[in-house]
Amino acid sequence: MVVFLGIPLYVVIHGSLTTESNHFTWDNFKQTWDSAGYRLAFKNSLILSLWTSVVGAIFGTWLAAAVVAARPGGFLHRITQSASGVLAYFAGVPLAFAFIAALGQVGVVTTLLKHFGIDLYAHGFTISSMTGVGLCYIYFQVPLMVILITPALEGLRSEWQEAALNLGASKFGYLRHVAVPVLLPSFVGATLILFGNAFSAYATALALVGSTLTIVPAQIDNALNGNVLVGADRAGLTLGTEMIIVILIVMVGYWLVQRRARKWLR
Amino acid sequence: MSAVNPGMDEIGEGSLARELIGGEPPAYVAARRRRGRPRMWRVVIFVLAAIFFIVPLAAAFKYSLQQDKGGYGFANYGEIIHNPTVRSPLVTSLEIAVISAAIVIVLMLPTVVWVRLKKPQATGFMELVTLLPIVIPPVVMAAGLEQFEVNAPPWTIKYVFDHPLTGLTPFYVVLAMPFTYRAIDTGVRAIDLHTLVDASRNLGASWPSTLARVVLPNVQTAVLGAMFLTVALCLGEVVIATLLLYNTFPVEMINLSKASQVGVSVALSMLTLAFTFLLLFLLSFLAQRRGSGRRVGVL
């Protein structure tokens, strides 16, 4: 575990801090920050991850709450659990194709909506825009959220609700003063995981947009596959290290909220 | 959901209570009763989710049924069986999947049991460590590996990186760890580990024998869940495999789509999806049959 995760990490970080002749330097970082393209990539990546994780988290929690409220062990439970397990991994080229088949220029949904007089593409929507890519991301973000948040929702004891209601709380009061405070750390934690997930995903986006896509992981891929200038290897490794730094910040945040979350979910 | 009386709200407990009490029901009974009927917010999300998740799949399925000559049929699916360039990467991927799943169990089960029994204070640390593979971007991992391979000592190339089996399996095991650790941990938490292990050790069983013959059968479903998740991951991972130039099944799927055999590629992805879904779905029945008392979730 330490070896197989550690060696790649070490190589990336080491590579980003040295020159070709193995001298220590910060120049690689400076160069990637001075490049407008890489800055744009970072901005795009952050925005994309941010909104897909927040939207995914909200809908995921909503769906999970609806499932948890149903009969346990019922058909609905099974379908959602199995489907979430499968769909959370459903990414990359197959997902991109599914969306193109549905929402592409001649996709099923696009054609259908045209019949009703709604022309998606006339309003500036394309599947290869950041909105389109984000929509695809939601497709695996929501199932992942369902997986992550379900244990927390199941940890909400019905006794708490009964106690609150018996003590004269309204339904809304229960949600406001009991359910939300208990769930909030888990919710924030899971959202951070979604953020990290979206931040590192790129196969889907690459298949939808092609190599012109400016998000960080795709740029690393580009740099390493030698589609750009000589010496781009270093740029790739440096971008990698920068990604690790972003992720590290996210993880620290996750760890902090997780400590609070565990208090209630024993 | 009320854990106290599962299934009760299906038979209109609220109205019964109201008859018994007479007059207006107290607030908590009202809350119970409302839970019985599907309520608006639940219906809305189920409909939204169903549309959002099924439509793209249906569109892809329709596409995979389209044939070159026009009309619909299963030609693309037939192609999968007859085409050897599809079959050999599939075999490779399945081999990786099976070996990874086996390694996962052999490694993770003792670890989880050990942490639970001897080092409960390490639980938080383990959870953090096992999350790392989710958040370290695979592309970064692949980048590091690629650089490593350039300067790697020859014996590692010969014994590790030359073949996808040895080159990819260790990394897939690590990648699958966040999910497998959680699945097995949930399972182990649900059984009375201390008593079982103490009993078995007192009766003279060795540690390996205790693990294999006492603990393992008790957490069967959790372990199966972990294995299936590993298999799903191995059948879907592309980033590392592509960057390190291995020809596995998902990579072949992309190649097919580039070689204007998009239909076959989509058909393949449909089959994979259906296959994994079925595995997990069957598992959920198994989980219920065995799960007396506390339910053991896959995740």
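Visitor: What makes a residue of chain A count as buried?

Guide: A residue is called buried if 20 or more other C-beta atoms lie within 10 Å of its own. In this predicted model, buried residues make up 49% of the 266 residues in chain A.

Visitor: What percentage of chain B counts as buried?

Guide: Of the 299 residues of chain B, 37% are buried. Each residue in that share therefore has 20 or more other C-beta atoms within 10 Å of its own.

Visitor: Why are chains A and B said to be in contact?

Guide: Two residues are in contact if their C-beta atoms lie within 7 Å. Here 63 residues of chain A meet that condition with 65 residues of chain B, so the two chains are in contact. Helix α12 of chain A, residues 232–262, gives the most to the side of chain A that touches chain B, with 9 residues.

Visitor: What classes of residue does the side of chain A that touches chain B have?

Guide: That side of chain A has 44 nonpolar, 14 polar and 5 charged residues.

Visitor: How many helices and strands does each chain have?

Guide: Chain A comes to 12 helices and 0 strands, and its pattern along the sequence is α-α-α-α-α-α-α-α-α-α-α-α. Chain B has 15 helices and 0 strands.

Visitor: Among contacts between residues at least 6 apart in sequence, what percentage joins residues at least 24 apart in each chain?

Guide: In chain A, 73% of such contacts join residues at least 24 apart. In chain B, the corresponding value is 74%.

How values were computed: Residues are numbered from 1 along each chain as its sequence is written. Chains are lettered from A and ligands numbered from 1 in the order in which they are written. This is a predicted model: local features need pLDDT of at least 70, side-chain atom pairs count only at pLDDT 80 or more; totals for chains, interfaces and linings use all residues. Helices (H or I, at least four residues) and strands (E, at least two) are DSSP runs, numbered from the N terminus. Ala, Val, Leu, Ile, Met, Phe, Trp, Tyr, Cys and Pro count as nonpolar, Asp, Glu, Lys and Arg as charged, and the others, Gly among them, as polar. A residue is buried if 20 or more other C-beta atoms lie within 10 Å of its own, exposed if 12 or fewer, and partly exposed in between; C-beta atoms are placed from the backbone.
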